[in-house]
Amino acid sequence: MAEGFCSQVTAILRKLYKGLKSLTGLIILLVLYNMIGAVIFVELEAPYEKKMVIKEPEHKELILLLTNVTVALSNSEFEILRNKTFDLINQYGFENIEGKSESTWNFWKALFFCATIYTTIGYGNIYPKTDAGKVAAIFYAVFGIPLAMKVLAVLGKKLMIILNFFYLLVKKCFKCNGRNNNRYTVQDKQADNVENVELSEIDKSDKAIKIEQENKEDKIKQEIENKLPIAVPIVILIIYIFLGAIMYTLWEDWGFLDAFYFVFISVSTIGFGDITPAHTKFFIVSSIYVFIGLALVSMCINVLIDFYIMSIKLAIHQVDVVTSTVKKGCRCGSRRQSV
């Protein structure tokens, strides 16, 4: 009975692990991780934020002074205003003034904050102030960053495969333009085969090695030709950034340059934080948009790595060909000396 129950639990855990390893499972896990983090940070930071809000009755004197301020302030009045303002800023922080439109730590902003942690963007416009929040942010980053990097790596690989499939499909459609060139290539190969037959009578083993090396080189070059060119995903990424910039000009009170700047800084994970979205209702969409942009960057990196691997493979093969040619020349020289 106990063994049967343990086997069932083991089977369920294996299926769960297999599901979580898939792209869909990883995305679901990341979304849940994001939501759990948002709830945690709201619970930790929101009460502290409410506590630190400046109340009007406690600082009635300052509020009246700010209300009645004019250009014709005397030096003494200006000094009082400046000193009390700086004291309050140092004590509470400039953002903790009652009457602002919404809280810093609501659920949607906390979701956005969590996304800036595990994507390593870190704008800095929202940050924890409590000791518990700071500790939670550290542990959240420790587990969240590897999870996000795994999702981005898998998603980037999938996007590369899909894009490569369409690239080969388009290439196949235009293949008819190169049929004449292929005929010439076949004729050249037939002529080479005739030479191979004549030369094989002189030295069969060396010619067989040469043919094998040429076939291997042709195979590697063919693989490189069938790989997705790095220019294609880069162009797609640039178009994606442009479309995002247009989207943010419609959402925010930004010009196109500021919107393009924000998208680029976000997708490159620089995240200065000097420009950030102001509308809370678009925060979740912003997070999704930036994450897809990071996946496109991951795709570009995958394509570049794939290209370099094939280039290194070709270079190693060419070095082997040169090495075998040199060895062959040395053997021929030694034979002539012996004769």
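Helices (H or I, at least four residues) are DSSP runs, numbered from the N terminus. The exercises below use this numbering for a predicted model.

**Exercise 1. Overall make-up**

Task: State how many helices and strands the chain holds, and which share of its residues is buried.

Solution.
Step 1. The chain contains eleven helices and zero strands. Read from the N terminus, every element is therefore an α in the order α-α-α-α-α-α-α-α-α-α-α.
Step 2. A residue is buried when its relative accessible area is under 20%. Of the 339 residues of the chain, 31% meet this condition.
Step 3. The accessible surface of the chain is about 22600 Å², and carbon and sulfur atoms contribute 66% of that area.
Step 4. Consider contacts between residues at least 6 apart in sequence: 77% of them join residues at least 24 apart.

**Exercise 2. A loop residue with an unusual angle**

Task: Determine where T120 is placed and what is notable about its phi.

Solution.
Step 1. T120 belongs to the loop between α5 and α6.
Step 2. Most residues other than glycine have a negative phi. T120 is not a glycine, yet its phi is positive, at about 65°.
Step 3. The relative accessible area of T120 is 39%, so this residue is partly exposed.
Step 4. A second case is T269, in the loop between α10 (256-267) and α11. T269 is likewise not a glycine and has a positive phi of about 60°. With 30% relative accessibility, T269 is partly exposed.

**Exercise 3. The helices on either side of the loop of T120**

Task: Compare the span of α5 and of α6 with the span expected at 1.5 Å a residue, and decide whether α5 is largely enclosed or open.

Solution.
Step 1. Helix α5 (residues 107-118) has twelve residues and spans 17 Å between its first and last C-alpha, close to the expected 16 Å.
Step 2. Helix α6 (residues 131-173) has 43 residues and spans 61 Å, close to the expected 63 Å.
Step 3. Helix α6 also has a kink of about 30°, centred on A141.
Step 4. In α5, ten of the twelve residues are buried, so this helix is largely enclosed by the rest of the structure. Among the buried residues are K109, F112, F113 and Y118.
Step 5. T116 of α5 is one of the buried residues, with a relative accessible area of 9%. Beyond its neighbours up to four places away in sequence, T116 touches I121, G122 and Y123.
Step 6. A residue of another helix can now be added: Y33 lies in α2 (residues 23-52). The C-alpha atoms of Y33 and A115 are 9.9 Å apart, although 82 residues separate them in sequence. Apart from neighbours within four places in sequence, Y33 is in contact with F139, Y140, F143, G144 and L147.

**Exercise 4. The salt bridge**

Task: Identify which residues form the salt bridge and explain why the pair ties together distant parts of the sequence.

Solution.
Step 1. A search of the whole structure yields one salt bridge. Its partners are the side chains of D306 and K227, at 3.1 Å from N to O.
Step 2. D306 is in helix α11 (residues 283-338), while K227 is in the loop between α8 (204-226) and α9 (231-251); the pair therefore ties together parts that are 79 residues apart in sequence.
Step 3. At 19% relative accessibility D306 is buried, whereas K227, at 30%, is partly exposed.

**Exercise 5. A buried methionine and two cysteines**

Task: Describe the surroundings of M299, then state how many disulfides the structure holds and whether C173 and C300 are buried or exposed.

Solution.
Step 1. M299 is in helix α11. Its relative accessible area is 2%, so M299 is buried.
Step 2. Leaving out residues up to four places away in sequence, M299 touches G156, L159, M160, L163 and P233.
Step 3. One of these partners, P233, is 66 residues from M299 along the chain, and their C-alpha atoms are separated by 7.2 Å.
Step 4. The structure holds zero disulfides. C173 is exposed because its relative accessibility of 54% is over 50%. C300 is buried because its relative accessible area of 9% is under 20%.

Definitions and conventions
Residues are numbered from 1 along each chain as its sequence is written. This is a predicted model: local features need pLDDT of at least 70, side-chain atom pairs count only at pLDDT 80 or more; totals for chains, interfaces and linings use all residues. Side-chain values use heavy atoms; hydrogens and water are left out. Helices (H or I, at least four residues) and strands (E, at least two) are DSSP runs, numbered from the N terminus. The expected span of a helix is 1.5 Å times one less than its number of residues. The bend at a residue is the angle between axes fitted to the seven residues ending there and the seven starting there. A disulfide is a pair of cysteine sulfur atoms within 2.5 Å. Buried means under 20% relative accessible area, exposed over 50%, partly exposed in between (1.4 Å probe, protein chains only). Contact means heavy atoms within 4.5 Å. A salt bridge is a side-chain nitrogen of Lys or Arg within 4 Å of a carboxyl oxygen of Asp or Glu. Accessible areas come from the Shrake-Rupley method with a 1.4 Å probe; for residues, only the protein chains shown count as cover.
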